Amino acid sequence: MAASSMLQLFCKYSKVSTGIYLTKCRRGVTALHTSFPHTRNTHSSVSGRNVKFLMSEASSPYGLRSYKELYELSIQDPETFWGALAKERLLWSKPFDQVKDCDFKQGKIHWFCGGQLNVSVNCLDQHVHKTPDRIALIWEKDEPGTEVKITYRELLEATCRLANTLRRHGVQKGERVAIYMPISPLAVAAMLACARIGAVHTVVFAGFSAEALTGRIQDAQCKAVITSNQGLRGGRVIELKKTVDEAVKMCPTVKHVFVANRTENKVPMSEIDIHLEEEMAKESPVCDPEVLRSEDILFMLYTSGSTGKPKGIVHTQAGYLLYAALTHQYIFDYRQGDVFGCVADIGWVTGHSYVVYGPLCNGATTVLFESTPIYPDPGRYWETVQRLRINQFYGAPTAIRLLLKYGESWVKKYDRSSLKTLGSVGEPINNEAWEWFYNVVGEGRCTLVDTWWQTETGGICISPRPSEQGAEIVPAMAMRPFFGIQPVLMDEKGNRVEGNNVSGALCIGQPWPGMARTIHGDHQRFVDAYFKDYPGHYFTGDGAHRSKKGYYKITGRLDDVINISGHRLGTAEIEDAMDEHPDVPETAVIGFPHDIKGEAAFAFVVLKDNISLTESEVVDELKAIVASKIAKFAVPDHVLIVKRLPKTRSGKIMRRLLRKIATNQTSELGDITTLDDPNVITEIVEAYNKHKGQSYKVSS
């Protein structure tokens with residue numbers, strides 16, 4: 001984005017351009033909710049000169065005109081940078097008196113101290129009082145052509161009715177509520193209703209097993225669960241209520257289960273169950289919002305690693321909302337009137353930040369995608385783009401590689417001229433998928449942002465945009481840090497790796513507003529996981545390479561690094577090389593013990609349909625590509641052709657299962673309930689048996 005455009009976007013929220021609007025907004029909010037008067041913060045400690053830069057085009061005397069200068073200000077003077085933006089971008093009931101109070105050594109992260117606000121007011125009320133009939137949500141239901149549009153006024157009314165329902169049934173500020181629903185306007189209203197009354201929501205992806213749901217409810221000590229009778233996905237009915245019934249048997253803290261109707265099918269109701277829509281109809285469409293401190297908890301979201309129980313990552317109010325809104329606007333170049341299409345489920349952090357909170361805080365029209373990329377056919381995404389006139393499309397490399405396998409015809413069948421920005425999220429995107437996404441889907445004219453971030457970071461941290469006008473984008477590379485993000489590469493001894501064309505453990509050198517605050521119930525685990533290994537830094541757990549030009553490329557999780565004869569190599573690097581083969585849409589590489597090398601690489605490879613070569617010829621070519629692109633030592637010892645890879649319902653490859661198979665530990669697979677189709681394990685084991693000439697079967 002051009003520097004002038006950046007400044008104009010900052011100026012959009014200045015006193016000059018929005019003063020009348022703010023007056024109307026304040027008057028409207030106080031008329032509806034007299035207990036919650038809103039003000040813009042006028043008493044923060046940031047300096048007036050630099051605030052003026054961030055607020056108006058009169059900034060030119062200070063010489064801050066480029067991305068580089070804006071970024072340097074955010075790093076060198078974060079209090080000025082973030083303080084000014086928080087004042088102008090958020091509605092406050094009480095101004096903050098301190099921008100930040102952080103100490104990485106203790107895992108202490110506090111932003112906008114002393115301030116008070118309400119997130120739902122920032123996401124709904126301020127837009128309702130200006131443009132009540134603007135479309136907030138487009139619900140792209142499972143069946144194409146059945147979309148439902150919800151205005152900001154309608155979403156606010158639903159949120160208030162749901163919030164009043166929760167209050168009437170005893171849910172209070174600070175208490176936890178589990179949300180186990182298909183993606184829908186009511187699920188978004190449930191999140192915002194919790195935010196309105198100060199309850200803490202923990203959304204659990206509506207595909208997790210009863211056991212997984214139980215663990216999350218128990219850890220969070222949830223007082224209530226909001227669910228649906230059933231879900232619909234890819235033409236299949238998902239029995240959500242049955243899963244909740246099984247889960248809450250082991251959860252004595254749950255007093256009520258609120259049940260919405262996604263389908264017309266009736267489900268059994270118990271004494272703690274409540275028909276949600278019926279109760280909402282009894283409530284007022286106005287609900288006084290709770291006054292919340294900046295550091296009160298907004299939500300918890302559970303992440304699960306390969307070992308240990310899931311971690312309840314805690315995000316708080318003001319800092320998270322500000323960061324989600326800013327990254328949404330500047331990275332995707334979102335403009336008012338655009339239709340923003342993030343196809344993530346709200347059960348994941350991408351759905352939280354870029355389906356719900358970021359877009360709604362910006363007054364955007366955001367798409368809720370209920371279906372799958374291949375239902376009813378592999379053209380579903382692009383038919384949706386054509387029908388809804390989507391301007392920004394944000395999806396996962398896994399889905400792109402899947403669609404790549406079906407060829408270009410399913411893409412070119414539909415009009416994609418509305419698209420301006422494409423985004424990739426979830427894992428590093430390989431070069432072939434990037435090129436296909438850019439050239440075929442985006443017709444070589446759309447900006448493609450490969451974004452790196454985590455549940456713990458709250459929002460995107462490294463991305464090709466924003467940048468200087470005309471700045472290059474390197475395929476399959478995250479590239480540039482967002483404002484306030486200071487990437488640092490560390491070596492094995494804990495020292496910073498300086499210069500360019502170097503690799504190391506990716507850390508972040510200073511706090512930013514959107515980052516997580518703790519792990520629920522275990523702050524020491526939070527400190528140990530993210531701040532202990534590299535004191536004074538946030539440790540991401542990822543490896544990265546800084547190129548000769550200073551751009552960042554994520555090389556994969558450090559627990560996915562293979563040490564082959566003393567050479568440390570990210571599995572993502574090998575996958576990226578192999579994925580360049582024209583007959584290979586995706587691969588998964590894992591490390592396994594080797595008597596001589598210490599570790600060796602094992603590649604699981606999916607082939608396209610109707611290839612002209614034999615499998616053995618493809619394997620030979622893949623090994624040659626790796627030897628050429630990386631080095632001979634990086635060539636996998638084993639390359640196994642499989643029909644598909646084991647993926648979660650959100651599309652992530654479960655590499656730990658592949659490690660178990662490759663090391664003959666199929667009796668110790670652990671929990672596989674999150675797999676989209678558990679039968680894939682049997683398929684891979686059968687292929688592995690033929691490959692190795694061994695015979696054993698998967699433990700049930």
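Which helices and strands each supply at least two residues of the lining of the second largest pocket? Keep that in mind while you get your bearings; the tour comes to the pocket at the end.

**The whole protein**

Start with everything shown. This is a predicted model, and it holds 22 helices and 32 strands. Colour by burial if your viewer can: of the 700 residues, 61% are buried. Switch on the surface next. About 26,200 Å² of it is accessible, and carbon and sulfur atoms account for 49% of that. Now think about contacts between residues with a separation of 6 or more: 71% of them link residues 24 or more positions apart.

**Into the largest nonpolar core**

Select Trp82, Phe112, Leu155, Leu162, Ile226, Tyr357 and Leu360. Out of the 114 residues in the largest nonpolar core, these touch the most other members. Add helix α8, residues 185–197, which gives this core its largest share, 11 residues. A second core lies apart from this one; it has 29 residues, and Val343, Tyr381, Ile390 and Leu448 are among them.

Go back to Leu360 and show what surrounds it. Beyond its neighbours within four places in sequence, Leu360 is in contact with ten residues you can pick out by name: Asn122, Cys123, His127, Ala136, Leu137, Tyr152, Leu155, Val188, Leu192 and Thr366.

**A stop at Met280**

Now select helix α11, residues 276–281, and find Met280 in it. Is Met280 buried or exposed? Its relative accessibility is 7%, so Met280 counts as buried. Draw a C-alpha to C-alpha distance from Met280 to Cys160: the two are 120 residues apart in sequence, yet 8.9 Å apart in space. With neighbours within four places in sequence set aside, the contacts of Met280 are Ala158, Arg161, Leu162, Thr165 and Leu186. You have met Leu162 already, in the largest nonpolar core.

**Along helix α14**

Next, select residues 380–388, which form helix α14. This helix is mostly covered, with seven of its nine residues buried. Those buried residues are Arg380, Tyr381, Trp382, Glu383, Thr384, Val385 and Leu388. Tyr381 is also one of the members of the 29-residue core.

Zoom in on Thr384, which sits in this helix. Thr384 has a relative accessibility of 2%, which means it counts as buried. Which residues does Thr384 contact, leaving aside its neighbours within four places in sequence? Look for Glu140, Phe369, Arg389 and Ile390. Then draw a line from the C-alpha of Thr384 to that of Gly145; it spans 8.3 Å, although 239 residues separate the two along the chain.

Step off the end of α14 and you land on Arg389, where phi is positive, near 55°.

**Some backbone oddities**

Most residues other than glycine have a negative phi, and most peptide bonds are trans. Here are places to look for the exceptions.

- Select Tyr375 and Pro376: a cis peptide bond joins them, with omega about 0°. Pro376 is in the loop between β17 (365–369) and α14.
- Select Arg465 and Pro466, where the peptide bond is also cis, omega being near 5°. Pro466 belongs to the loop between β21 (462–463) and β22 (480–481).
- Select Asp333, which is not a glycine but has a positive phi of about 50°. You will find Asp333 in the loop between α12 (318–331) and β16 (339–342), and it is partly exposed, with a relative accessible area of 26%.
- Select Asn501, again not a glycine, with a positive phi of about 60°. Asn501 is in the loop between β23 (487–490) and β24. At 44% relative accessibility, Asn501 is partly exposed.

**Last stop: the second largest pocket**

From Asn501, carry on into β24, and you can answer the opening question. The elements are β24 (502–508), β26 (538–546), β27 (552–557), β29 (567–570) and α19 (571–578), each with at least two residues in the lining of the second largest pocket. The space inside is about 560 Å³. To see the middle, select Ser503, His545, Thr555, Gly570 and Glu573, which are the closest to the pocket's centre of the 24 residues lining it. Finally, colour the lining by residue type: nine are nonpolar, seven are polar and eight are charged.

Terms used. Residues are numbered from 1 along each chain as its sequence is written. This is a predicted model: local features need pLDDT of at least 70, side-chain atom pairs count only at pLDDT 80 or more; totals for chains, interfaces and linings use all residues. Side-chain values use heavy atoms; hydrogens and water are left out. On a 1 Å grid over the protein atoms alone, a cavity is a set of points where a 1.4 Å probe fits but cannot get out, and a pocket is an open set with protein on both sides within 12 Å along at least five of seven lines; lining residues have an atom within 4 Å of a point. Grid points are joined across faces, edges and corners, and a volume is the space filled by probe spheres set on the points. Helices (H or I, at least four residues) and strands (E, at least two) are DSSP runs, numbered from the N terminus. Ala, Val, Leu, Ile, Met, Phe, Trp, Tyr, Cys and Pro count as nonpolar, Asp, Glu, Lys and Arg as charged, and the others, Gly among them, as polar. Buried means under 20% relative accessible area, exposed over 50%, partly exposed in between (1.4 Å probe, protein chains only). Contact means heavy atoms within 4.5 Å. Accessible areas come from the Shrake-Rupley method with a 1.4 Å probe; for residues, only the protein chains shown count as cover. A nonpolar core is a set of buried Ala, Val, Leu, Ile, Met, Phe, Trp, Tyr and Cys residues joined through side-chain atoms within 4.5 Å.
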